[in-house]
Amino acid sequence: MRILSEIIDDMIDGKKPTHDECYYALQVYRFMFNIDHRHLREELLNEKRPPEFIRKMKAENSFNMYKGALSKSPKEWLGEK
């Protein structure tokens, strides 16, 4: 299976990735969305704001998660080689 960034590039170019590629890519995005959404809710609902270094660390982890996902096949990122 191709890496996630190639699948997305095809979609942007109007090409249609395979059903399996779309299925696994959507699973990856769902997983990442759930992680980021949980962190965002924690930040917004927290009465006391966490220290800046923790907020920066969470932002960097989010960036690295998406960057890592784009450079792997969805199956590999999900651990389903």
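## Exercises on a four-helix chain

From the N terminus on, the elements of this chain run α-α-α-α, and the model examined here is a predicted one.

**Exercise 1.** Determine how the overall extent of the chain compares with the globule rule.

*Solution.* Begin with the composition, which is four helices and zero strands. The radius of gyration is 15 Å, whereas the globule rule gives 12 Å for 81 residues, so the chain is more spread out than a compact globule. Turn next to the principal axes, along which the C-alpha trace spans about 45 × 25 × 20 Å. Finally, consider burial and surface: buried residues make up 21% of the 81 residues, and the accessible surface comes to about 6300 Å², of which 57% belongs to carbon and sulfur atoms.

**Exercise 2.** Describe α2 by its span, its buried residues and what covers them.

*Solution.* First take the span: α2 has 27 residues and reaches 38 Å from its first C-alpha to its last, which is close to the 39 Å expected at 1.5 Å a residue. Next apply the cut-off for burial, a relative accessible area under 20%; in α2 the residues Glu21, Tyr24, Ala25, Val28, Met32 and Ile35 are buried. The last step is to ask what covers these buried residues, and the cover includes α1, α3 and α4.

**Exercise 3.** Identify the residues of the largest nonpolar core and the elements that contribute to it.

*Solution.* The core has eight residues in all, namely Leu4, Ile8, Ala25, Val28, Met32, Ile35, Met65 and Ala69. Assigning them to elements shows that α1 (4-12), α2 (19-45) and α3 each give two or more residues, with the largest share, four residues, coming from α2. One of the core members, Met32, can then be followed through its contacts: leaving aside residues up to four places away in sequence, Met32 touches Met65, Tyr66, Ala69 and Trp77. As a general background, nonpolar side chains in soluble globular proteins tend to be buried together.

**Exercise 4.** Locate Ser73, decide whether it is buried or exposed, and list its contacts beyond the sequence neighbours.

*Solution.* Ser73 lies in the loop between α3 (52-70) and α4 (74-78). Its relative accessible area is 9%, and Ser73 is therefore buried. Once residues up to four places away in sequence are set aside, Ser73 touches Met1, Arg2, Ile3 and Leu4. For the chain as a whole, among contacts between residues at least 6 apart in sequence, 66% join residues at least 24 apart.

Methods. Residues numbered from 1 in each chain as written. Predicted model: local features only at pLDDT ≥ 70, side-chain atom pairs only at ≥ 80, totals over all residues. Heavy atoms only, no water. Buried < 20%, exposed > 50% of the residue type's maximum accessible area, 1.4 Å probe, protein only. Contact = heavy atoms within 4.5 Å. Core = buried A, V, L, I, M, F, W, Y, C linked by side-chain atoms within 4.5 Å. Expected span 1.5 Å × (residues − 1). Rg over C-alpha atoms; globule rule 2.2 N^0.38 Å. Areas by Shrake-Rupley, 256 points an atom, 1.4 Å probe, with all protein chains shown as cover.
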